[in-house]
Amino acid sequence: EVEPPVPDPLAAVQYSCLYWIDHLLDCDRGHTTDELKDDGSVHQFLRASYIHWLEALSLLRSLPDGIVMIAKLENWLKADECHDLHAFIHDARRFVVYNRSVIEQAPLQSYCSALVFSPEKSLKPKVPAYWNALLQTLEGHSGSVNSVAFSPDGKQVVSGSDDKTVRLWDSATGALLTLEGHSDWVWSVAFSPDGKQVVSGSDDETVRLWDAATGALLQTLEGHSGWVNSVAFSPDGKLLPTLRVSSQWITDGTANLLWLPSEYRPTCEAAWDKTLVLGHSSGNISFLQLKQGPKLIIMN
């Protein structure tokens, strides 16, 4: 990692890079500032220096803050009053979100790869004519990604991977928090219903609970004698389901209830209340329901 020189040549512009939009909007509370018009000073500045600004933010390790700022500016503008400026800001936001990863890793690629692979009608005419449905690509895992989930409010994404990590991403900016602790592949991840916790299951035979805000490990749940392929919270978020498949058995807590023939052993599973759903490599799905009293299992 390259350390900034001393004295840092960006020190004098750091505050301006990070807060110029906040100050601009504070001066435009009545939407009367001439700077925020088509071909106004802001429009001219961004057309001439937008990528220079992104390069500076990357060197300041503050590109996610820049994404938040450009989104704030887009939301502030009224498209019917400054159509060209609003369209440029929208395009600028798509550009930085889509290319965030490469700009953070190699700032000078803002002028190369990021522009070359931008849409034809984007900041520079190249490749496709319009943006497609892909908003951004979140990169960081060094192995296959086995499970992903959105938080209930849609503001975070959690992923689990063969690289033995769980990762939390800000869905708006792509900012990353890496959760380390598993000693083997992570197969399943899920958010609690209130979005405050994340649960993960791994080949290391453990289930782990994490704080979704800080990434801190809250609890390690041990007891499995085989891989943990699926995890979920109960609807009220207070319990993790105890009904599961362990090795070749359906278990409830520590009790073995039903041995599964090879053709019924799942590749994935989900539990709700006393119902277990099994997914099989054949493409079939089995529903198993346990009822109170004598153990009665119904397969559909």
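This report describes the overall form, surface and salt bridges of a predicted protein model.

## Overall form

The secondary structure of this predicted model comes to six helices and 15 strands. Measured against the expectation for a compact globule of 300 residues, which would have a radius of gyration near 19 Å, the protein has a value of 25 Å. Along the principal axes, the C-alpha trace spans about 75 × 45 × 35 Å.

Among the contacts with a sequence separation of 6 or more, 43% are accounted for by residues that lie 24 or more positions apart.

## Burial, surface and charge

Of the 300 residues in the protein, 40% count as buried. The exposed area of the protein is about 16500 Å², and carbon and sulfur atoms supply 54% of that area.

The protein carries 23 positive and 37 negative charges, and the mean positions of these two sets are 4 Å apart.

## A salt bridge between two helices

The structure holds six salt bridges, one of which joins Asp22 and Lys72, with the closest N and O atoms 2.7 Å apart. This pair links distant parts of the chain, since Asp22 belongs to helix α1 (residues 14–26) and Lys72 to helix α3 (residues 63–76), with the two positions 50 residues apart in the numbering.

How accessible are the two partners, buried, exposed or partly exposed? Asp22 has a relative accessible area of 23%, and because buried means under 20% and exposed over 50%, Asp22 is classed as partly exposed. Lys72, at 36% relative accessibility, likewise counts as partly exposed.

## Salt bridges with buried partners

A salt bridge is also formed by Asp163 and Arg167, whose closest N and O atoms are 3.5 Å apart. Both residues are buried, Asp163 as well as Arg167.

Another salt bridge brings together the side chains of Arg208 and Asp204, with an N to O distance of 3.9 Å. Arg208 has a relative accessibility of 12% and therefore counts as buried, the cut-off for that class being under 20%. Asp204, at 14% relative accessibility, counts as buried too. In this pair, then, the positive partner Arg208 is buried and so is the negative partner Asp204, whereas in the pair that links helices α1 and α3, Asp22 is partly exposed and Lys72 is partly exposed.

Methods:
Residues are numbered from 1 along each chain as its sequence is written. This is a predicted model: local features need pLDDT of at least 70, side-chain atom pairs count only at pLDDT 80 or more; totals for chains, interfaces and linings use all residues. Side-chain values use heavy atoms; hydrogens and water are left out. Helices (H or I, at least four residues) and strands (E, at least two) are DSSP runs, numbered from the N terminus. The radius of gyration is taken over C-alpha atoms; the globule rule is 2.2 Å times the number of residues to the power 0.38. Buried means under 20% relative accessible area, exposed over 50%, partly exposed in between (1.4 Å probe, protein chains only). Contact means heavy atoms within 4.5 Å. Accessible areas come from the Shrake-Rupley method with a 1.4 Å probe; for residues, only the protein chains shown count as cover. Lys and Arg count as positive and Asp and Glu as negative; His and the chain ends are not counted. The place of a charge is taken as NZ of Lys, CZ of Arg, CG of Asp or CD of Glu. A salt bridge is a side-chain nitrogen of Lys or Arg within 4 Å of a carboxyl oxygen of Asp or Glu.
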